[in-house]
Amino acid sequence: MTTVQHHRGYDADVLIVGGGIVGVSTAMQLVERYPGLSVLLLEKEASLAAHQSGHNSGVIHAGVYYAPGSLKAEFCRQGAAATYEFARRHDVSVEQCGKLIVATDDVEVERLDVLYARCQQNHLAPQMLGEAALKELEPRVVGRAAIRVATSGIADFPAMTAKMAQLAQEQGAQILLNQRVDALHEDENGITAETASSRFRARHAIVCAGLMADRLAKMCKVDLDFRIVPFRGEYYRLPETKNDIVKHLVYPVPNPALPFLGVHLTRMIGGYVTVGPNAVLALAREGYRWRDANLKDLAGMAAFPGFWKMLGKHGASGLNEMWNSLWKPGYLELCRRYCPELALSDLEPYPSGVRAQAVMADGTMVHDFLIRSSQRSLHVCNAPSPAATSALPIGAYLVEAFDKRFDPAPRSRPRSPHQIHDLASG
Ligand SMILES: Cc1cc2nc3c(=O)[nH]c(=O)nc-3n(C[C@H](O)[C@H](O)[C@H](O)COP(=O)(O)OP(=O)(O)OC[C@H]3O[C@@H](n4cnc5c(N)ncnc54)[C@H](O)[C@@H]3O)c2cc1C
């Protein structure tokens with residue numbers, strides 16, 4: 001049995017499920033806001049940030065793509081600023097290197113104009129560059145035009161998660177690893193979580209379970225009109241000799257129908273450069289390679305009508321992605337469109353990530369954040385990119401939503417919400 005400190009018959013006032021960057025940010029902000037509130041975070045893996053939060057591009061997004069007024073746009077704008085601030089204050093590596101979105105043909109030039117307008121609506125002070133200006137800024141990149149956004153950058157998100165966990169623990173939060181929540185039972189007085197070795201009783205729960213979000217939501221009888229569909233993002237790493245190939249992050253113009261940004265050149269905090277990620281359907285929720293298939297996950301997808309409707313809508317681009325995943329020269333061509341010097345030998349192996357993409361019953365991929373509640377719990381049902389960038393405002397939002405919906409700590413008076421933005425109407 002795992003031991004935790006007991007508080008008045010409960011193991012915790014608030015149980016958090018999931019030790020990714022969203023769960024940990026929420027734990028940190030809960031204990032900051034409510035001194036004396038007991039918070040217990042359960043993570044099923046042996047380390048924090050073991051899934052999406054530790055397998056991503058490491059980009060601090062500025063908020064280029066997102067519909068003005070959406071939670072995504074708001075969280076991203078606030079999140080970028082909060083991430084730089086947090087990282088600088090706590091000595092987590094960040095670099096504000098800026099980003100270029102490069103159009104290579106007529107269709108993309110038209111789409112670039114739309115993106116430029118969106119950047120302006122999102123108050124990002126974009127710069128439109130012609131071919132010559134692009135060449136001058138990034139001599140090894142080609143394109144007909146590009147948008148430059150100076151506030152994009154890169155961060156070490158696993159280190160940021162670890163720092164937030166440390167701060168949360170210093171204020172009294174408990175974090176237990178290797179504790180997979182297999183069941184959640186709600187009643188009028190609280191919620192009980194069962195793991196293989198223990199039972200934990202709490203007044204309330206906040207569930208930030210990423211790729212498993214729908215399964216945990218189902219345990220709390222949340223309306224399941226969506227399912228998580230896993231999309232693997234495969235990367236390659238460029239050789240050390242190409243560490244200086246670009247000064248910015250270099251992105252293609254994305255397909256507006258899909259919530260993915262396309263294969264981009266990303267400067268990483270370690271000083272190297274990656275290309276990726278693509279977006280291929282994964283055969284398991286935590287399927288980091290083609291050979292990782294899981295029958296339960298596949299059967300769940302096949303039984304969900306929204307999955308087939310999504311395939312009907314996006315099947316052609318899905319097949320294309322799959323082809324380029326299996327055929328490296330196809331993948332290379334995606335990068336060579338804007339960086340023609342790249343060769344097959346430049347694409348060295350690099351670990352993949354798997355995105356948790358919520359898909360609705362009508363086959364729509366959910367672009368925005370999706371947060372649902374039950375009698376005693378809040379559930380983050382869709383936290384897609386840029387949720388690493390936005391982890392601080394998402395955590396603040398959850399604390400605020402929690403405060404409004406539940407009576408978090410009758411005995412503990414909240415601190416002034418100096419960092420907690422009122423996003424509830426956002
Ligand atoms: C390929 C890729 C590239 C991306 N690039 C970027 C980027 O550049 N910038 C950006 O801002 N965002 C990016 N993202 C998005 C970002 O990484 C995620 O949105 C973010 O990490 C989500 O955090 P999370 O805490 O919600 O999920 P996760 O990090 O997946 O954490 C969920 C946690 O819950 C745990 N869990 C699940 N079920 C249980 C259970 N039953 N019991 C206990 N624990 C459980 C899991 O083990 C996991 O640790 C990218 C994502 C991917 C996959």
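Is Tyr350 buried, partly exposed or exposed? At 22% relative accessibility, Tyr350 falls in the partly exposed class. The legends below come back to this residue after a look at the whole chain, and everything in them refers to a predicted model.

**Figure 1. The whole chain, with its 10 helices and 20 strands.** For 426 residues the globule rule gives 22 Å, and the radius of gyration here is 22 Å, so the chain is as compact as a globular protein of that length. If you want to set up a box, the C-alpha atoms fill one of roughly 70 × 45 × 40 Å along the principal axes. Buried residues account for 55% of the 426. Take the contacts between residues at least 6 apart in sequence: 75% of them join residues at least 24 apart. The accessible surface adds up to about 17600 Å², and carbon and sulfur atoms own 53% of it. As for charges, there are 45 positive and 44 negative ones, and their mean positions sit 3 Å apart.

**Figure 2. Tyr272 and Tyr350, one of nine aromatic pairs in the structure.** The ring centres of Tyr272 and Tyr350 are 5.8 Å apart and the planes make an angle of 55 degrees, so this pair counts as tilted. Tyr272 comes from the loop between β15 (264-267) and β16 (273-276), while Tyr350 belongs to strand β18 (residues 348-360), so the pair ties together parts that are 78 residues apart in sequence. The two partners land in separate burial classes: Tyr272 is buried at 16% relative accessible area, and Tyr350 is partly exposed at 22%. The cut-off for buried is under 20%.

**Figure 3. An aromatic cluster built from Phe75, Phe369 and Tyr397.** Ring pairs are what link these three residues. Phe75 is worth keeping in mind for the next view, where helix α2 (residues 71-90) appears.

**Figure 4. Two buried helix residues, Thr26 and His90.** Thr26 sits in helix α1 (residues 21-33), and its relative accessible area is 0%, so it counts as buried. Leaving aside residues up to four places away in sequence, Thr26 touches Ile16, Ile206, Cys208, Gly395, Leu398 and Val399. His90 is part of helix α2 (residues 71-90). With a relative accessible area of 18%, His90 is buried too. Under the same rule about sequence neighbours, His90 touches Lys163 and Leu167.

**Figure 5. Two exposed residues, Gly312 and Asp223, each shown with a partner from elsewhere in the chain.** Gly312 lies in helix α8 (residues 305-326) and is exposed, at 67% relative accessible area. Its C-alpha atom is 8.3 Å from that of Gly363, although the two residues are 51 apart along the chain. Asp223 belongs to the loop between α6 (213-219) and β13 (226-237). It is exposed as well, with 53% relative accessibility. How far apart are the C-alpha atoms of Asp223 and Ser373, which are separated by 150 residues along the chain? The distance is 9.0 Å.

**Figure 6. Cis peptide bonds at Pro277 and Pro386.** Most peptide bonds are trans, which makes these two spots worth a check before you build on the model. The bond from Gly276 to Pro277 is cis, with omega near -10 degrees, and Pro277 itself is in the loop between β16 and β17 (280-281). The bond from Ser385 to Pro386 is cis as well, with omega near 10 degrees. Pro386 is placed in the loop between β20 (377-382) and α10 (391-405).

**Figure 7. Positive phi at Asn178 and Lys221.** Most residues other than glycine have a negative phi. Asn178 has phi near 55 degrees. This residue sits in the loop between β9 (174-176) and β10 (183-187), where Asn178 is exposed at 52% relative accessible area. For Lys221, phi is near 60 degrees, again a positive value in a residue that is not glycine. Lys221 is in the loop between α6 and β13, which is also where Asp223 is found. With 74% relative accessibility, Lys221 counts as exposed.

How values were computed:
Residues numbered from 1 in each chain as written. Predicted model: local features only at pLDDT ≥ 70, side-chain atom pairs only at ≥ 80, totals over all residues. Heavy atoms only, no water. Helix = DSSP H or I, 4+ residues; strand = E, 2+ residues; numbered from the N terminus. Rg over C-alpha atoms; globule rule 2.2 N^0.38 Å. Buried < 20%, exposed > 50% of the residue type's maximum accessible area, 1.4 Å probe, protein only. Contact = heavy atoms within 4.5 Å. Areas by Shrake-Rupley, 256 points an atom, 1.4 Å probe, with all protein chains shown as cover. Lys, Arg positive; Asp, Glu negative; His and termini not counted. Charge placed at Lys NZ, Arg CZ, Asp CG, Glu CD. Phe/Tyr/Trp six-rings, centres within 6.5 Å; stacked < 30°, edge-to-face > 60°.
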